[in-house]
Amino acid sequence: MTLNLAEKPLLNQPTIQKLANGLTIIAEQMPVDAVNLNVWLNVGSAKEPDEINGMAHFLEHMVFKGTPKLKIGEFEQVIEEKGAITNAATSQDYTHYYITTAPQDLAELAPLQLDVVLNPSLEESAFEREKLVVLEEIRRSEDNPGSRTFYQAMETCFESLPYRRKVLGPAEVIQNLHSQQMQNFHQNWYQPQSMTAAVVGNLPVEKLIEIVSNSFATNYQSSTIPSLRVPKAPVVSAEKPFSRIVRQESADETLQQARMIMMWRVPGMVDLPETYALDIIAVILGQGKVSRLFRELREEKGLVNRIGVSNMTQTQQGVFYISAQLPAENIVEVEKLIREHLQRFQTELVATKDIERIRKQVANRFVFANERPSDRANLYGYYYSQIQDLTPALNYPSLIQAVSAEDLQVAAQNYLDPDAYGVVVMKPTS
């Protein structure tokens, strides 16, 4: 089945092809002398049960530790010799691996990339060595005040959804994992039906699809996986909005200033139309030097050193959060003023000029974010791996431009209750 999405915006015209084995390939020719191949897997830490929390991220490390065809380090050596780039990332909802290379080198490097993704050796000795690296990464993240505050915020925000856990997993869980568990996890999840290969660059679409399809066929070996071999995370429904203020406060001797995060449970990718108004509210409130909170709390009143707002759209459920770095004595006043700003969204319509400014920002950001092959491959791989649909990604600027002042007010009333939210505060000890 092949579908061409030659719809507006004309900037993006990817072709989607789903192979008989279940692999989805998204390809687009782009007149830039580079190609990005980005392999997305629909598995992240949210798919893990507690007993193997951190496995998806640990496996991302191990994928680069050799295959039956490639020695440890050989893939990276070839990449470096070609002047190419490779990397990977794991989140709650996905894992992805990419290379960026010259067009003439894609046919040579794509099979190697698919080999490391599909056929990692996962040998016990390399597994135990890399376990120490992952444990050190966990330790470093726990030593970072910003990371600690964010982790505590997610634990406070979600009571049951796995978004409350760390992608890296707890050290005590990682310490007790063994390589056979990882082999089972890989065999279960690294299957074509869970994969999207987005490839963008200066080769004809037919050639891009041919190279990826052949590279996959060369390296994929089908196997039957007993359904009980890999534990699955329990299916949990989206959580209801906060019904009251849930507060967590603690002291941190490493801090020079206090950190505060206020958060609301909001719709995720599964309810995508509900997220656009929240995206605009986040920009108006706290993104950029003309945003309301930055202007009042930092520039005019000097109550905070940093403040920002984000609408984090995860797959099953999102988080709208406001984060601030500030003197501890200003916490009460800052929280009060933030609540007043949210109340204003519920009772007053946003001025037309403010909405028009945001629309222009969003449209320009979309264009700027699509200038490189890697940008577009990321866009396509992310959306298709999560919702199997590119239309919302391609039409994001027009969807944003359709949001009215009344839509913003309704979104604030439905999701941003100034009297019901989670808040985490970390204060210096002295």
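A salt bridge is taken here as a side-chain nitrogen of Lys or Arg lying within 4 Å of a carboxyl oxygen of Asp or Glu. In the predicted model described below, the side chains of glutamate 296 and lysine 301 meet this condition, with a separation of 3.0 Å from N to O. The two partners differ in their exposure class, since glutamate 296 has a relative accessible area of 16% and is therefore buried, whereas lysine 301, at 43%, is partly exposed. By the same rule, the count for the model comes to 23 salt bridges, and several of these are described after an account of the overall fold.

The protein contains 16 helices and 12 strands. For a chain of 430 residues, a compact globule would be expected to have a radius of gyration near 22 Å, and the value of 23 Å found for the protein agrees with this expectation. Taken along the principal axes, the C-alpha atoms fill a box of roughly 60 × 50 × 40 Å. Of the 430 residues, 56% count as buried, and the accessible surface comes to about 19100 Å², of which carbon and sulfur atoms contribute 49%. Among the contacts with a sequence separation of 6 or more, 81% are made by residues 24 or more positions apart.

Contacts between residues separated in sequence can be followed at glutamine 113, which lies in helix 3, spanning residues 106-118. The relative accessible area of glutamine 113 is 1%, so this residue is classed as buried. When neighbours within four places in sequence are set aside, glutamine 113 is found in contact with Leu37, Val39, Phe75, Tyr97, Tyr98 and Ile99. In the loop between helix 3 and helix 4 lies leucine 122, which is likewise buried, with a relative accessible area of 4%. The phi angle of leucine 122 is near 55°, a positive value in a residue other than glycine. A positive phi of about 55° is also found at glutamine 388, again not a glycine. Glutamine 388 is placed in the loop between helix 13 (373-387) and helix 14 (391-394), and with a relative accessible area of 48% it is partly exposed.

Among the strands, strand 10 (residues 306-312) and strand 11 (residues 317-326) run antiparallel and are joined by seven bridges. These two strands form a hairpin, with four residues between them. Within this pairing, arginine 306 stands opposite glutamine 325 of strand 11.

Further salt bridges occur both within a helix and between distant parts of the chain. Side chains of opposite charge can pair when their charged atoms come close. One such pair is formed by arginine 139 and glutamate 136, whose closest N and O atoms are 2.5 Å apart. Both residues belong to helix 4 (residues 124-143), where a spacing of three residues places them about one turn of the helix apart. Arginine 139 is partly exposed, with a relative accessible area of 40%, and glutamate 136, at 31%, also counts as partly exposed.

The side chains of aspartate 419 and arginine 339 likewise meet in a salt bridge, at 2.6 Å from N to O. This pair links distant parts of the chain, for aspartate 419 lies in the loop between helix 16 (405-415) and strand 12 (422-428), while arginine 339 lies in helix 11 (residues 331-347), 80 residues away in sequence. Aspartate 419 is partly exposed at a relative accessible area of 46%, and arginine 339 is partly exposed at 28%. In addition, Arg247, Glu249, Glu335 and Lys427 are linked to one another in a network of salt bridges.

Helix 16 also contains glutamine 413, which counts as partly exposed at 43% relative accessibility. The side chain of glutamine 413 reaches the backbone oxygen of glutamine 346 at a distance of 3.0 Å. By contrast, the C-alpha atoms of glutamine 413 and arginine 148, residues that are 265 positions apart along the chain, are separated by 30 Å.

Terms used. Residues numbered from 1 in each chain as written. Predicted model: local features only at pLDDT ≥ 70, side-chain atom pairs only at ≥ 80, totals over all residues. Heavy atoms only, no water. Buried < 20%, exposed > 50% of the residue type's maximum accessible area, 1.4 Å probe, protein only. Contact = heavy atoms within 4.5 Å. Pairing = 2+ DSSP bridges. Polar contact = N/O pair within 3.5 Å; in protein donor to acceptor, adjacent residues only side chain to side chain. Rg over C-alpha atoms; globule rule 2.2 N^0.38 Å. Areas by Shrake-Rupley, 256 points an atom, 1.4 Å probe, with all protein chains shown as cover.
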